[in-house]
Amino acid sequence: MPTIAVQRAETFYLPPPQLPADAWDLVAPAERVFRWYEYRVQRRVIPPDGFVIGQQVYARINHNRWVADCRCGSAQVVSPADPRTACTECGLGWIALVFPDNPDAVEASLTELLPDDRNWTHPDDPGESWPSPAPPTPTPEPMRAEGIG
């Protein structure tokens, strides 16, 4: 029985049916999400120019897909062949991705599971890719003279 491969950006984000199957072969895996998203929302979405310095996020396998989460709550399918991600939803610039040293070995370790059960998290991932924002500090109301006395 053939094995169902873990999905990566280059096998997940495919050109629409009216284009040749190889139409996006020269598009970098991390940039394919922008082509795919443009087609679905029917508007131009431009990939960012630069990286968000000092930020990184851990790639993980979720239901048989390599994914990376954005702090806005969105996520993209990603690839170890192009370890970066950018968000088509909020416009956050390119973020460096952390993959395991041997992504193929991680994928192979999951092949006995059904695709929906294939989940993996990097052992160094602190469990929350993006820190939650600090709760707002309440501003005390000024005292009013009419309330005194």
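**View 1. Pairing of strand 5 with strand 6 in the predicted model.** Strand 5 and strand 6 (residues 94-98) run antiparallel and are joined by two bridges. Within this pairing, Thr85 stands opposite Ile95 of strand 6. The view also takes in a contact between a charge and a ring: Arg84 lies over the face of Trp94, 4.2 Å from the ring centre.

**View 2. The open sheet of three strands.** The order of the strands is 1-6-5, and their pairing is mixed. Strand 1 (51-58) and strand 5 (84-85) occupy the edges; each has a single partner strand, so one side of each is left without a neighbour in the sheet.

**View 3. An aromatic cluster of Phe12, Tyr13 and Trp36.** Six aromatic pairs are found in a search of the whole structure. One of them, formed by Phe12 and Tyr13, is edge-to-face, with 5.0 Å from centre to centre and 90° between the planes. Ring pairs link these two residues with Trp36 into a cluster. Are Phe12 and Tyr13 buried or partly exposed? Phe12 has a relative accessible area of 30% and is therefore partly exposed, whereas Tyr13, at 3%, is buried.

**View 4. The surroundings of Ile4.** Ile4 belongs to the segment that precedes helix 1 (9-12). Leaving aside residues up to four places away in sequence, Ile4 touches Asn64, Pro115 and Arg118. The C-alpha atoms of Ile4 and Thr111 are separated by 7.8 Å, although the two residues are 107 residues apart along the chain.

Conventions: Residues are numbered from 1 along each chain as its sequence is written. This is a predicted model: local features need pLDDT of at least 70, side-chain atom pairs count only at pLDDT 80 or more; totals for chains, interfaces and linings use all residues. Side-chain values use heavy atoms; hydrogens and water are left out. Helices (H or I, at least four residues) and strands (E, at least two) are DSSP runs, numbered from the N terminus. Contact means heavy atoms within 4.5 Å. Two strands pair if DSSP finds at least two bridges between them. Rings of Phe, Tyr and Trp (its six-membered ring) pair if their centres lie within 6.5 Å; planes under 30 degrees apart count as stacked, over 60 as edge-to-face and the rest as tilted. Buried means under 20% relative accessible area, exposed over 50%, partly exposed in between (1.4 Å probe, protein chains only). A charge sits over a ring if NZ of Lys or CZ of Arg is within 6 Å of the ring centre and within 35 degrees of the ring normal.
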